[in-house]
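Please prepare a short briefing on the model below. Group the points by topic and give the cut-offs behind each term.

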Amino acid sequence: MIEFFCFLFGSVIFSFAGVCIDRIPKGEDIVHGRSHCDSCGTDIQAYDLIPVVSFILLRGRCRNCGAKIPVYCLILEILGGILAILCYRLNGLTVNTIISFLICFVLVVIAFIDQFTTDIYTSTVIALGIFCLIYRVINDIDIVNLLLSMFVISGFMFVVSMIIKGAFGIGDVELMFMTGLFLSFEEMLLAFFVGVLTAGITGIILLSRKQKEGSDHIAFGPFLVIGILIAYFFGKSIISWYFGLFI
């Protein structure tokens with residue numbers, strides 16, 4: 001029952017993620033102003049804002065004009081519910097559950113915006129940093145591990161970006177720097193590895209299907225976020241399994 005309510009809570013909160021993803025690149029206020037159809041401009045009524053259910057009942061279309069509602073809105077709501085459950089399972093009924101869920105929220109917003117615009121906005125990085133700092137303050141701090149987490153991966157990415165133009169964007173570097181407040185050094189290594197691996201596999205698939213050319217840019221932020229989330233929720237188990245292969 002608790003996980004059911006976690007799913008509802010996560011879905012409701014992540015429905016707001018769609019607002020952030022739509023408005024932040026446009027420079028619009030994410031707090032004020034009602035949700036509306038981008039096609040006809042009609043305000044969306046409360047009964048059409050029920051997470052997951054409304055999308056299904058409306059068959060993914062605006063009630064007023066019939067324009068398609070972006071499918072990523074449904075994906076966000078389902079993802080939000082799943083992440084809320086995972087945060088609860090990992091932390092129980094603690095403050096860490098709320099803070100880690102908010103961190104997941106910002107990470108997902110960053111990933112989707114970067115995917116759509118190939119840009120990571122400073123406002124989202126600052127929000128991520130604030131929540132990650134709160135998480136670190138209310139948990140035990142190992143200064144050496146913290147410094148390694150914040151500077152090793154982000155520093156490596158920065159140096160590579162200076163040597164190889166376009167290898168990593170400054171937003172990617174900032175993302176990993178702030179995430180160092182959230183993950184341990186070992187988890188950061190795993191997050192980066194998963195990010196590079198998934199980006200490489202995706203790039204190969206797109207090239208083989210001729211959907212991308214060799215010189216085309218692929219947003220790296222979404223893959224880093226995938227790595228960060230996997231490292232947070234499953235990192236300890238993956239790392240233990242990996243070292244168990246050699247012991």
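Which helices each supply at least two residues of the lining of the second largest pocket? They are H3, H5, H6, H8 and H9; helices (H or I, at least four residues) are DSSP runs numbered from the N terminus. This is a predicted model, in which local features need pLDDT of at least 70, side-chain atom pairs count only at pLDDT 80 or more, and totals for chains, interfaces and linings use all residues. Residues are numbered from 1 along each chain as its sequence is written, and side-chain values use heavy atoms, with hydrogens and water left out.

**Pocket**
- The second largest pocket has a volume of about 390 Å³, taken as the space filled by probe spheres set on grid points joined across faces, edges and corners.
- Its lining has 20 residues, and Arg136, Phe182, Ser184, Glu187 and Lys236 are the closest to the pocket centre.
- A pocket here is an open set of points on a 1 Å grid over the protein atoms alone where a 1.4 Å probe fits, with protein on both sides within 12 Å along at least five of seven lines; lining residues have an atom within 4 Å of a point.

**Nonpolar core**
- The largest nonpolar core (buried Ala, Val, Leu, Ile, Met, Phe, Trp, Tyr and Cys residues joined through side-chain atoms within 4.5 Å) has 59 residues, with Met157 and Leu175 making the most contacts inside it.
- H4 gives the most to this core, with 13 residues.
- Outside its neighbours within four places in sequence, Met157 is in contact (heavy atoms within 4.5 Å) with Phe168, Asp172, Val173, Met176, Phe192, Phe220 and Leu224.

**Helix H6**
- The 21 residues of H6 should span 30 Å at 1.5 Å a residue, and the end C-alpha atoms are 30 Å apart, which agrees; the expected span is 1.5 Å times one less than the number of residues.
- Buried residues of H6 (under 20% relative accessible area, 1.4 Å probe, protein chains only) include Asn145, Ser149, Ser154 and Met157.
- The buried residues of H6 pack against H5, H7, H8 and H9.
- At the start of H6, a side-chain oxygen of Asp142 comes within 3.2 Å of the backbone nitrogen of Val144.

**Aspartate 172**
- Asp172 lies in helix H7 and counts as buried because its relative accessibility is 6%.
- Beyond its neighbours within four places in sequence, Asp172 is in contact with Asp114, Ile120, Met157, Phe220, Gly221 and Leu224.

**Threonine 118**
- Thr118 is in the loop between H4 and H5.
- Phi of Thr118 is near 55°, a positive value in a residue other than glycine.
- Most residues other than glycine have a negative phi.
- Thr118 is partly exposed (between 20% and 50%), with a relative accessible area of 45%.

Notes: Polar contact = N/O pair within 3.5 Å; in protein donor to acceptor, adjacent residues only side chain to side chain.
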